[in-house]
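Reader: I should like to learn how strand pairing and burial are read from a model. Please give the general idea before each case.

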Amino acid sequence: LNFRSTSYDLKKVRAGYPLMADYLGVTRPDSTVLNFERIFETGETTGNRPNIVLVLCESFSAYKSSMYNNPLNTTPYFNDLCENGIFFDRCFTPAYGTARGVWATITGIPDVASPKTASRNPNAVDQKTIINSFTGYNNFYFLGGSATWANIRGLLTNNINNLKLYEQEDYKAKKIDVWGISDKNLMLEANQVLKQQVKPFFAIIQTADNHRPYTIPAEDMDEFKRVSFSADSLKRFGFENNEEMNAFRYTDFGFQKFMEAAKKEAYFKNTIFVFVGDHGIRYNGSLDHFPKAWTEQGLTCEHVPLLFYAPALLEPQRIPDICSQVDILPTIASLAKIPYTNNSLGRNLFDTVSTITNGKEKYAFVIDHDVKTIGMVSSRYYYLKNYKTGKEELVSMTGNEPVPVNAATDSIKNHLQRFTDAYYETAKYLLLKNKKQPAD
């Protein structure tokens with residue numbers, strides 16, 4: 001009953017299809033059957049098959065971290081990882097919320113369902129995922145607590161083939177709060193499982209400590225040193241209180257312990273580690289080191305770090321291109337040279353050959369369910385529209401000056417408006433039309 005009005009407007013989907021097919025690089029566009037399929041071959045039938053470890057980082061807001069020069073220096077270890085990996089510094093999640101972040105990452109489709117998440121919708125929970133293209137891999141999902149919330153267990157076990165799901169009762173470590181065991185212990189226990197694998201593996205680790213009640217276990221208090229800052233410094237640099245700030249620092253501590261342990265294992269050299277925030281956190285003040293769009297238009301909710309780290313496989317670089325959480329799985333498959341079929345809205349971020357990315361503007365779609373806006377982020381502008389009232393805004397992504405009104409910016413705004421609408425209608429359609437085949 002919660003989803004009795006969840007549907008799509010086929011006429012609007014078809015109207016936006018040419019724009020979406022061109023953006024996604026659909027090789028056989030067909031507006032009648034609405035084909036979104038793209039087939040990617042690696043050209044290699046044999047060769048190395050790297051392991052994948054994808055870490056979904058709870059509330060990993062970009063502006064709170066060291067990578068963006070936050071003076072509180074909350075994530076020095078992760079900053080060092082970013083300097084030695086491929087770091088995308090302008091990645092955006094399509095929406096706010098952990099369930100929506102998990103959905104977008106696993107399916108490659110923004111969760112535009114409202115008011116409940118798509119994972120709760122029985123008509124939407126059956127989804128294709130590129131993870132299943134990793135044939136011959138062992139699949140793991142490590143969660144410190146229970147997967148009962150938002151039907152996440154259903155989303156994962158129904159769609160990821162031969163998945164071994166680890167929850168709080170599967171670990172030696174003790175539960176510390178409602179979110180289960182600590183992130184440090186979660187990652188260390190995951191490492192114990194992964195180091196025993198003979199076959200290649202695709203593992204997802206979902207953290208939770210950077211969330212109220214901000215528990216830091218007593219066992220770590222001797223090594224992890226809490227710090228404190230004044231209330232005005234905390235507010236100025238994006239934190240409500242010292243408890244939240246130290247929980248953010250503890251996330252960095254957990255990453256360090258995990259990577260130090262992983263580096264001692266045989267699997268490390270042949271593993272691509274991917275770190276991304278499940279979502280950001282809204283900040284209601286002003287940030288000195290970001291344009292106003294991040295706070296006044298709420299982009300702090302969606303702006304997250306995205307890191308691909310594999311010292312033996314990838315050369316370090318920092319990439320300022322706009323990208324999205326939905327791009328993660330196509331990019332991982334491409335890096336691993338895994339042939340895959342993509343029916344989602346995600347794209348390979350390292351595609352420098354096709355016209356999909358080479359020389360073309362890159363975008364990230366954003367929906368804010370709290371304030372009822374949909375929008376599109378580009379390198380220079382953020383267009384957003386209230387989908388209830390129709391009110392539109394076009395703001396700068398590079399500075400604080402109002403966008404001038406002239407023929408050039410009107411053209412940009414009109415394009416972004418059409419693209420936003422097409423993307424939104426397509427996402428609503430694919431939530432219900434991305435069902436996997438029995439053979440999947």
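Author: Two strands pair if DSSP finds at least two bridges between them; helices (H or I, at least four residues) and strands (E, at least two) are DSSP runs, numbered from the N terminus. Here, in a predicted model, Phe142 stands opposite Tyr166 in S5. S4 and S5 (residues 163-166) are parallel and share 4 bridges.

Reader: How does the chain cross from S4 to S5?

Author: The path leads through helix H4 (residues 152-159), and the β-α-β crossover is right-handed; that is, with the strands pointing away from the viewer, the path from the first strand over the helix to the second runs clockwise.

Reader: Which strand do 6 bridges join to S4?

Author: Strand S6 (residues 201-206) is joined to S4 by 6 bridges, and the two run parallel. Phe140 stands opposite Ala203 in S6.

Reader: How many residues of S4 are buried?

Author: Buried means under 20% relative accessible area, exposed over 50%, partly exposed in between (1.4 Å probe, protein chains only). In S4 (residues 138-143), 5 of the 6 residues are buried. The buried residues of H4 include Leu155 and Leu156, and their cover includes helix H3 (98-107), S4 and S5.

Reader: On what basis should the model be read?

Author: Residues are numbered from 1 along each chain as its sequence is written, and side-chain values use heavy atoms, with hydrogens and water left out. In this predicted model, local features need pLDDT of at least 70 and side-chain atom pairs count only at pLDDT 80 or more, while totals for chains, interfaces and linings use all residues.

Definitions and conventions: Contact = heavy atoms within 4.5 Å.
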